[in-house]
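This report concerns the links between side chains in the structure shown below. Please keep the sequence and the model in view while reading.

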Amino acid sequence: GGSRRVSAMDLRWSAAVIEAAYQPAAAIGTREADGAWTSSCSSPEIVCWMLETLAVARGCRVLEIGSGTGWNAALLSCLAGNPKFVHSIDIQPDVIVEAQRHLRRAGITECRLRAADGRNGWTTAAPFDRIIATAACPTVFSSFTDQLAEGGRLVLPIQIKGMNTPILWIDRHKDVLSGGFAGHAHFMSMIGQPEDGKTKDMERRWRSALKTVRPLPWRNGDD
């Protein structure tokens, strides 16, 4: 209720951007000249919440879907113990350029960033011990679960009709998926199309995987 979003590209709001960066419930976004929001850095409390759920250990190979400002990739680099372990994808080339610039300014030069459709994952760099999506996904794409290593974890906001974008986590143990919800929040929707166009097949596989997911309890921030 008290959250707000400001554009990092609007110089009139530069003071508000600086202030928002230190507010736990504020999100900083970028938008086009017509006012359309194109990308966003989630609020710090949501970033930390999702990273806690992702449970990145030192040495984990991580795939991030949605590079944003690069801040999350920087945090992942620290958690993984080496920027080389972090791979980040964004469908917008200009977002990748900005993320790289921010990471370099922070002294992080070895993260692997790529401008591509995140729905397809990063096949040549897979498998990953951890995969995190920072935009609301219409389904759990098969590329995500296929590229998840044994014992790995996937965390993503999932769009479910009538619900406020619950954050879903899925663990992979051999061919069995199990998981749960870790609360909910507002997210910008993922854009782009899968390379193979097999959206219906992805949906079918996800719905089938639900049979192996244990009852999904909510974990609220007050619990």
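Across the whole structure, which is a predicted model, a search finds three salt bridges. The table lists each pair together with the separation of its closest nitrogen and oxygen atoms.

| Basic residue | Acidic residue | Closest N to O separation |
|---|---|---|
| Lys-84 | Glu-110 | 3.8 Å |
| Arg-101 | Glu-98 | 2.6 Å |
| Arg-153 | Asp-171 | 2.6 Å |

**A pair between two loops**

Lys-84 and Glu-110 form a salt bridge, with 3.8 Å between the closest N and O atoms. Lys-84 belongs to the loop between helix 3 (71-80) and strand 5 (86-90), while Glu-110 belongs to the loop between helix 4 (93-105) and strand 6 (112-115), so the contact ties together parts that are 26 residues apart in sequence. Lys-84 is partly exposed, its relative accessible area being 46%. Glu-110 is likewise classed as partly exposed, at 38% relative accessibility.

**A pair within one helix**

Where do Arg-101 and Glu-98 lie? Both are found in helix 4, three residues apart, which corresponds to about one turn of the helix. Their side chains meet in a salt bridge at 2.6 Å, taken from N to O. Arg-101 has a relative accessible area of 33% and is partly exposed; Glu-98, with 30%, is partly exposed.

**A pair between two strands**

The salt bridge of Asp-171 with Arg-153 has its closest N and O atoms 2.6 Å apart. Asp-171 sits in strand 9 (residues 166-173) and Arg-153 in strand 8 (residues 148-157), so this pair ties together parts that are 18 residues apart in sequence. Are these two residues buried or exposed? Asp-171 counts as buried at 14% relative accessibility, and Arg-153 is buried with a relative accessible area of 17%.

**Cysteines and disulfides**

A disulfide is a covalent bond between the sulfur atoms of two cysteines. How many disulfides does a search of the whole structure find? The result is zero. Cys-78 offers an example of the reasoning: the closest cysteine sulfur to its own is that of Cys-111, 9.1 Å away, which is too far for a bond. A disulfide would require the two sulfur atoms to be within 2.5 Å. The surroundings of the cysteines may also be described. Cys-78 counts as exposed, at 55% relative accessibility, whereas Cys-137 counts as buried, at 0%.

How values were computed: Residues are numbered from 1 along each chain as its sequence is written. This is a predicted model: local features need pLDDT of at least 70, side-chain atom pairs count only at pLDDT 80 or more; totals for chains, interfaces and linings use all residues. Side-chain values use heavy atoms; hydrogens and water are left out. Buried means under 20% relative accessible area, exposed over 50%, partly exposed in between (1.4 Å probe, protein chains only). A salt bridge is a side-chain nitrogen of Lys or Arg within 4 Å of a carboxyl oxygen of Asp or Glu. Helices (H or I, at least four residues) and strands (E, at least two) are DSSP runs, numbered from the N terminus.
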